[in-house]
Amino acid sequence: MTMRRRSTAVTTAEQPRPASKPGRQSQAWKINPFTFGLLGALGVLVALLIGGMVGQLATVLVYIGVALFLALGLDPLVALIERRLPRPAAVTIVVASVLLVFAGIIVAIVPILVEQITNLIDDGPQMVADITASAWFKDMSAQFGTVFQDAADGVLSFLQDPGNFANISGGVLAVGVGIAGGFTAVTIVLILTLYFMASLRGIKRTAVRFVPAYQRSRFSGLLEDVSGAVGRYVIGQASLALINGVLSLIFLSIIQAPVPALLALLAFIGSLIPLVGTLSASIVISLICLIAAPQTALIAAIYYLVYMQIEAYVLSPRIMSRAVAVPGAVVVIAAVGGGALGGILGALVAIPVAASVIIIIQKVTFPAQDGKIVPPDGDLIVSTP
C-alpha cells in the first residue's frame, strides 16, 4: 500500500499542468493607456524638476569644481612641504600663503584701479577733445563722413551734462554689487579649497571604495595620475598667467596706456585660459589702448604678438613640460563649451576637465583597445583585396 501511494503521488506530480489560456496571459500584460500616459507625464515632470534643480545649482557646482581643481593644483606644494612637516602644518602654510598673495593683490591693485578710473572719468572730456583734434581723426572723418564727429559730440555732451551723473551712479552701484558678488564667490571658493586640501586623501580613499576590490589598485593609480596631471596643469597655467600679468603691468605703464593695472589684471585672467584667453585679452587690451593714441595701440598689439610667440615656443614648453598636453582644437572646444555653461569660471574648469579626459583615454581606453589582438568568438574577419 505504501508503494502504491508513493507511485501514485509521483505520477500525479509528474503530470503536466494544464496550459493557461493565451487570452488571460495577454490581458495580464496589457497596460491601461491612461496609466501609461500618467506615468509618462510623471517621468517628464521629474526630469524637468531635476533639470531645474541642476540649473539652480549650476553656480554652486562651478564653485565646487573650481575649488577642487585649485586643491589639486596646490596639492603638489603641500606634498613638497609635507616631506619636512606634518600634513596639517603643510596645508596651513600653503593656505596662509595663498591668502597673503590674494590680499596683497587686492591691496596693491584696488587703490590703483580706483585712482585710474577716477582719473579716466575726470579726463574723459579732454581725452575725447584731443582725439577729435588729432590728425588721424580728421583723416578718418574726411574719408567716412561725419560719423566719427557725431559720435564724439554725443560722448562730450553726455559727459558734460550734470544730469547724467545720476545714471552713472546707478551704473557704478550695479558694478559695486557685481564686485561684492565676485568677492563673495572668491571667499566661498577659498573656503571650499581649504576643506578639499585638508581632506583630499580621504576623498580619494572614499572614491576608491566605490570600485570593486579587484580593480581598486588600477583605479587608485589612475586617480593619482589624473590628480597629479591636473595639479601640474593648474600650477603651470597659473605661472604663465602671472608672468603675463606682471609683464603687461610693466609694459603698459611704460607706454602710458589707460588704466594699466586694470588691463594687466585682464591679461592675467585671460592667460588662465590657454590659447583662447591670451589672444582675446590681447585684442581687447590693444583696442582699449586706442583711447590713448593709435601708436600706443599699435605698440601694444606688436608687443602681445611677440609675447604670444615667446610664450608658445619658450615659456610654455618649459613650464608645462610635465603637464599633460592638450591639443589646440580641444582647448578651443573646451573653453567655448565651458564658457557657455559657466562663464569665465566654466571656461577655466573646462581645460583641466579636458586634460583629465585625455589622461583617462590614454591610460584606459587605448591600452584596452591595444590588448584586443584576438577577435571575439563568432566574429568573421573579411579581408578585402
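Q: Within what distance must a side-chain nitrogen of Lys or Arg lie from a carboxyl oxygen of Asp or Glu to make a salt bridge, and which residue pairs with Glu224 on that basis?
A: A salt bridge is a side-chain nitrogen of Lys or Arg within 4 Å of a carboxyl oxygen of Asp or Glu. In this predicted model, the closest N and O atoms of Glu224 and its partner are 3.4 Å apart. The partner is Lys204.

Q: How many residues apart are Glu224 and Lys204?
A: Glu224 belongs to helix 11, while Lys204 belongs to helix 10 (residues 200-209). The pair therefore links distant parts of the chain. The separation is 20 residues.

Q: Is Lys204 buried or exposed?
A: Buried means under 20% relative accessible area. Lys204 has 14% relative accessibility, so this residue falls under that limit. Glu224, at 42%, is partly exposed. Lys204 counts as buried.

Q: Which residue meets the side chain of Arg87 in a salt bridge of 3.2 Å, N to O?
A: Arg87 lies in helix 5 and this partner in helix 4, 12 residues apart. Both residues of the pair are buried, and the relative accessible area of Arg87 is 14%. The partner is Asp75.

Q: Which residues are joined into one network by salt bridges that share partners?
A: Arg87 bridges to Asp75 at 3.2 Å and to Glu82, with the closest N and O atoms 3.3 Å apart. Arg87 is thus named in both bridges, and the network also takes in Arg201. The structure holds 4 salt bridges. The network consists of Asp75, Glu82, Arg87 and Arg201.

Q: Which helix supplies the largest share of the largest nonpolar core?
A: This core has 25 residues, of which Val78, Met197 and Val230 touch the most other members. At least two residues each come from helix 4 (58-82), helix 5 (87-122), helix 9 (165-198), helix 11 (216-254) and helix 15 (328-370). The largest share is 9 residues, and its source is helix 4.

Q: Which residues does Met197 touch, not counting residues up to four places away in sequence?
A: Met197 is one of the core residues that touch the most other members. Its contacts include Arg87, which also takes part in the salt bridge with Asp75. The full list is Ala71, Leu74, Val78, Arg87, Val91, Val94 and Val95.

Q: Is Phe34 buried or exposed?
A: Phe34 is placed in helix 3 (residues 33-56). With Leu38, Leu39, Leu42, Val44, Leu45 and Leu48, Phe34 forms a nonpolar patch on the surface, with about 750 Å² of accessible area together. Exposed means over 50% relative accessible area. At 61%, Phe34 therefore counts as exposed.

Q: Which residues of helix 12 are buried?
A: Helix 12 runs over residues 260-271 and has 12 residues. From first C-alpha to last, this helix reaches 16 Å, close to the 16 Å expected at 1.5 Å a residue. Its buried residues are Pro260, Ala261, Leu263, Ala264, Ala267, Gly270 and Ser271.

Q: What percentage of the 385 residues of the protein chain count as buried?
A: The protein chain has 15 helices and 0 strands. About 25,400 Å² is exposed, and carbon and sulfur atoms supply 71% of that area. The buried residues make up 27%.

Q: What share of the contacts with a separation of 6 or more comes from residues 24 or more positions apart?
A: The count covers contacts in the protein chain with a separation of 6 or more. Residues 24 or more positions apart account for 67%.

Notes: Residues are numbered from 1 along each chain as its sequence is written. This is a predicted model: local features need pLDDT of at least 70, side-chain atom pairs count only at pLDDT 80 or more; totals for chains, interfaces and linings use all residues. Side-chain values use heavy atoms; hydrogens and water are left out. Patches are made of residues with over 30% relative accessible area and no salt bridge: like charges are joined within 9 Å, nonpolar side chains (Val, Leu, Ile, Met, Phe, Trp, Tyr) within 5 Å. Accessible areas come from the Shrake-Rupley method with a 1.4 Å probe; for residues, only the protein chains shown count as cover. Helices (H or I, at least four residues) and strands (E, at least two) are DSSP runs, numbered from the N terminus. Buried means under 20% relative accessible area, exposed over 50%, partly exposed in between (1.4 Å probe, protein chains only). A nonpolar core is a set of buried Ala, Val, Leu, Ile, Met, Phe, Trp, Tyr and Cys residues joined through side-chain atoms within 4.5 Å. Contact means heavy atoms within 4.5 Å. The expected span of a helix is 1.5 Å times one less than its number of residues.
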